[in-house]
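Visitor: I would like to learn how to read a structure like this one. Please show it and take me through its features in turn.

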Amino acid sequence: MVDPSLQPDAGDALLAEADSLHEATFHAVARHAGHAPGRVNLIGEHVDYCGGLVLPMAIDRRTVVVAAACDQPVVCAVSDAALDDAVTIAWGDVATLKGWGAYVAGVAEIMRREGMLAGIEGVTIAVASDVPLGAGLSSSASLEVATVMALIALSEQQRSPEEVARIARRAEHEFAGVPCGIMDQTISVMGVAGCALLLDCLDGSTRPVPLPTDVAVVVADTGVSHALATGEYALRRASCERALAAVNAGRTAPLAALRQATAADVAGASMDEVDRRRARHVVEECDRVAWFAAAMEAGDLSTCGILMNRSHESLRVLHEVSCPELDRLAAAARSCEGVFGARMTGGGFGGSIVALVAEARAEAVVGELIGAGATRAFVTHAAAGARSERIRPDRARRKDESAS
Ligand code: GAF
């Protein structure tokens with residue numbers, strides 16, 4: 001199945017869409033744009049907030065944000081996904097926003113507070129994206145990061161990739177109310193074409209892990225939106241924090257993160273049994289990530305597949321973040337010829353599965369997963385991370401010329 005948004009000019013089409021939307025809504029021309037991809041996590045789930053190891057890749061679906069300065073002290077934003085829901089909010093009122101506008105205006109507000117929008121009274125922003133919403137593919141992180149990139153370009157600043165990810169995550173914590181880890185924002189900023197990225201969430205170090213050419217990554221969406229699960233996410237995080245405190249009780253040199261605990265530490269500490277299961281997942285999942293990265297580098301895809309299947313089981317049984325639809329789709333994927341392994345990806349409670357598939361079987365597996373009930377399925381490629389650009393001043397005129 002050919003998905004039009006995967007065609008090579010998809011980035012330009014999105015830019016043109018955001019550009020036109022900006023002009024039509026605000027009657028002003030935007031000169032700066034930020035592009036940021038969504039992500040799929042191959043393995044290392046629910047461990048980033050414990051300082052763990054994760055192995056996501058940026059996907060070839062992205063969010064484009066165009067931005068311009070305006071002379072009122074407000075953030076105005078419009079999105080192709082919510083055309084009737086444009087936002088105009090005074091700086092001081094950003095915290096009252098809900099939904100997609102909170103991500104965009106939250107990023108702008110954080111940047112303003114941190115002195116990054118000096119000399120800019122207000123901003124107008126337009127968004128276009130082909131990252132599926134609520135599918136566990138980090139549409140929100142890509143929106144945040146694209147907004148940071150556009151506003152950095154607008155304010156003519158330079159920021160390191162780590163800073164961009166930090167600002168984006170701060171906006172998610174403070175304005176969207178999700179106590180997420182750093183994985184999604186980091187991969188959206190630092191993705192490497194053709195590679196997954198091994199990210200150590202304790203020290204921030206990264207290592208690109210090339211994907212073998214004979215393997216494809218297939219994503220299939222259950223159609224169950226995970227948007228309502230933020231409360232469960234916060235509970236998992238709190239559980240892991242209690243487990244760390246229990247492991248550290250009586251230690252002369254306390255561990256900085258649960259990821260540093262051993263299986264014996266978790267088994268021997270006095271803690272609630274639910275917290276112990278969560279902690280077991282974290283410790284074992286980090287081991288799986290290191291093993292998976294080494295197997296992928298060695299071209300041992302069978303081992304990668306087994307580790308993905310085990311990761312899913314651990315998320316289902318120990319961390320309890322799966323749901324029947326994810327379990328069924330992962331099982332359906334595993335039964336397809338050419339699939340090495342499959343697991344839920346992202347925060348869970350709905351969203352998508354990811355499967356590692358022999359390249360020659362990838363499109364057939366996409367069809368089989370649609371047949372098994374996926375609301376959408378596609379082959380995705382590891383893409384580069386975020387970028388900003390100055391939009392050509394003659395862009396609008398050229399569009400008119402090519403139309404005539
Ligand atoms: C969500 C969060 F935003 C990430 O930080 C990560 O915890 C993920 O769930 C689970 O691995 O995407």
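**Reading the two domains and the sheet**

Guide: In this protein, 28 residues of domain 1 are in contact with 41 residues of domain 2. Two residues are in contact if their C-beta atoms, placed from the backbone, lie within 7 Å. This is a predicted model, in which local features need pLDDT of at least 70, side-chain atom pairs count only at pLDDT 80 or more, and totals for chains, interfaces and linings use all residues. Residues are numbered from 1 along each chain as its sequence is written.

Visitor: Which elements give two or more residues to the side of domain 1 that touches domain 2?

Guide: Elements here are DSSP runs, numbered from the N terminus: helices (H or I, at least four residues) and strands (E, at least two). On that side of domain 1 they are β1 (32–43) and β2 (53–70). β2 gives the most, with five residues. By class, the side holds 18 nonpolar, eight polar and two charged residues. Ala, Val, Leu, Ile, Met, Phe, Trp, Tyr, Cys and Pro count as nonpolar, Asp, Glu, Lys and Arg as charged, and the others, Gly among them, as polar.

Visitor: Where do the domains lie in the sequence?

Guide: Domain bounds come from an automatic or database domain assignment. Domain 1 covers 8–210 + 383–403, and domain 2 covers 215–380. Their centres, taken over C-alpha atoms, are 26 Å apart.

Visitor: What is the order of the strands in the open sheet?

Guide: Strands pair if DSSP finds at least two bridges between them. The order of the four strands is β9-β10-β8-β11, with antiparallel pairing. At the edges are β9 (339–344) and β11 (376–380), each pairing on one side only. From one strand to the next, the twist averages 20 degrees. β9 and β10 (residues 352–358) run antiparallel and are joined by five bridges. Ala342 stands opposite Ala355 in β10.

Visitor: Which strands does helix α9 lie across?

Guide: Axes are lines fitted to C-alpha atoms, for helices over the stretch in contact, and angles run from 0 to 180 degrees between N-to-C directions. Helix α9 (residues 301–317) lies across β8 (215–221), β9 and β10, at about 25 degrees to β9. Helix α10 (residues 324–334) also packs on the sheet, touching β8, β9 and β10, and its direction makes about 175 degrees with that of β9.

Visitor: How many helices and strands does the protein have?

Guide: There are 12 helices and 12 strands. The C-alpha trace spans about 65 × 50 × 35 Å along its principal axes.
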